[in-house]
Amino acid sequence: MISEGHSKISMEKQCKLLQIHRSGLYYKPKGESALNLELMRLIDAHYIDHCFMGAKRMHTWLTMDKGYKVNLKRIERLYYNVMGLRAVMPGKHTSRRCKSHKVYPYLLRNLKIERANQVWATDITYIPMRKGFMYLIAIIDIHSRYVLNWSVSNTMDAQWCKEVLEEAIAQHGTPEIINTDQGSQFTSEVFANYVLANDIKLSMDGKKRAIDNIFIERLWRSVKYESIYINPPNSGIDLYHQLKRYFYFYNNERRHQGIDNQIPVNRYLIKTKNVA
């Protein structure tokens, strides 16, 4: 699929055409032990249904209910640093942000979202593989639940997030607001300055308020339960093809209860045509 020796199209251009981040192309399993990978798969699946649990409660569940003999420090590193998780309920370490970065106010409280491209939301989630893991970023239009763009990578960095947003804007136009969490990728100057330079208002979940970005959290649940957990991918390329099929289904065929059982692409295109 990717030709390293192509005489006319560079590797970078080939990746852009296939919507693959270059780090995903050169995917190598993360250097975590088999035990850590097993623990992360358990944490990820349990977190989907118990997002109120922080690292301490997850450690209690793993040791007392599942029988693992691991210390809290290991679980805290995997939960916060590697997987990038945070608990919905207030508590210590619920948001892993860079303290030197500016944090922007939450703009969606009491806001009536009634049209496409009014508010977008973006986030990053951990994706378990058969061996190792990767990260998935997606951008969703909140009004229609339409997934505007997505990408996979084996690292989480601000430049990657900015590029995914840049591609979404090039294809779908500019939103009025984009909502994120307080993760360091989104509070970084690379991402924040790009957003503001395009006259987009940057909204961020309140500290200890993971439910502020609930729509994309529901997307992660759907992706994992309806695709990833059923058929864990073997490689970065396998993951790309699996997600490509799933997001096509999600956008073009799957009906969503939250939007009166409409299909996202229909709701998104109708509203954007009306605005145009």
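This report describes a predicted model of one protein chain, from its overall make-up down to single residues.

## The chain as a whole

The chain has 276 residues, and 51% of them are buried. Its secondary structure comes to 11 helices and five strands. Of the contacts between residues at least 6 apart in sequence, 64% join residues at least 24 apart.

The average pLDDT of the chain is 85, and 79% of the residues score at least 70. Over residues 90-95 the pLDDT falls below 50, although this stretch has 11 contacts in the model beyond near neighbours in sequence.

## The sheet

The five strands form an open sheet with mixed pairing, in the order β3-β2-β1-β4-β5. At the edges stand β3 (146-153) and β5 (201-204); each has a single partner strand, so one side of each has no neighbour in the sheet. On average, neighbouring strands of this sheet are turned by 25° against each other, direction ignored.

Both senses of pairing can be found in the sheet. Strand β1 (residues 119-128) and strand β4 (residues 177-180) run parallel and are joined by three bridges. Alanine 121 stands opposite asparagine 179 of β4. By contrast, β2 and β3 are antiparallel and pair over seven bridges. In that pairing, isoleucine 137 has serine 151 of β3 as its bridge partner. β2 and β3 also form a hairpin, with four residues between them; in the turn, arginine 145 has a positive phi of about 65°.

## Helices on the sheet

Is the edge strand β3 buried or exposed? Eight of its eight residues are buried, so β3 is largely enclosed by the rest of the structure. Its place at the edge of the sheet leaves one side without a neighbouring strand, but other parts of the chain can still cover a strand.

Helix α6 lies across β1, β2 (133-141), β3 and β4, and runs at about 150° to β3. Helix α9 (residues 214-228) packs on the sheet as well, touching β1, β2 and β3, with its direction at about 40° to that of β1.

## The nonpolar cores

The largest nonpolar core has 49 residues, and Met58, Tyr79 and Leu165 are those with the most contacts inside it. Helix α6 gives the most to this core, with six residues. Leucine 165 is in contact with Trp120, Ile139, Ile178, Phe191, Tyr194 and Val195, leaving aside neighbours within four places in sequence.

A second core, separate from the largest one, has 26 residues. Ala121, Met129, Leu219 and Leu243 are among them. Alanine 121 has already appeared above, opposite asparagine 179 of β4.

## Three buried residues with polar side chains

Histidine 172 lies in helix α6 (residues 158-172). Its relative accessibility is 15%, so histidine 172 counts as buried, the cut-off being under 20%. A polar atom of the histidine 172 side chain lies 3.2 Å from the backbone oxygen of leucine 148. Leucine 148 is also one of the residues that histidine 172 contacts beyond four places in sequence; the others are Asn117, Trp120, Tyr146 and Tyr268.

Aspartate 181 is in the loop between β4 and α7. With a relative accessible area of 12%, aspartate 181 is buried. The side chain of aspartate 181 reaches the backbone nitrogen of glycine 183 at 2.8 Å. Not counting residues up to four places away in sequence, aspartate 181 touches Arg86, Asp123, Phe186, Met204, Asp205 and Asn213.

Glutamine 185 lies in helix α7 (residues 184-187). Glutamine 185 is buried too, with a relative accessible area of 12%. How far apart in space are glutamine 185 and alanine 158, which are 27 residues apart in sequence? Their C-alpha atoms are 4.3 Å apart. Alanine 158 is one of the residues that glutamine 185 touches, not counting residues up to four places away in sequence; the others are Ile124, Met156, Asp157, Cys161 and Phe191. Phe191 is also in contact with leucine 165.

Conventions
Residues are numbered from 1 along each chain as its sequence is written. This is a predicted model: local features need pLDDT of at least 70, side-chain atom pairs count only at pLDDT 80 or more; totals for chains, interfaces and linings use all residues. Side-chain values use heavy atoms; hydrogens and water are left out. Helices (H or I, at least four residues) and strands (E, at least two) are DSSP runs, numbered from the N terminus. Buried means under 20% relative accessible area, exposed over 50%, partly exposed in between (1.4 Å probe, protein chains only). Contact means heavy atoms within 4.5 Å. A polar contact is a pair of N or O atoms within 3.5 Å; within protein, one must be able to donate a hydrogen and the other to accept it, and residues adjacent in sequence count only if both atoms are side-chain atoms. pLDDT is the predictor's confidence in each residue, from 0 to 100. Two strands pair if DSSP finds at least two bridges between them. Axes are lines fitted to C-alpha atoms, for helices over the stretch in contact, and angles run from 0 to 180 degrees between N-to-C directions. A nonpolar core is a set of buried Ala, Val, Leu, Ile, Met, Phe, Trp, Tyr and Cys residues joined through side-chain atoms within 4.5 Å.
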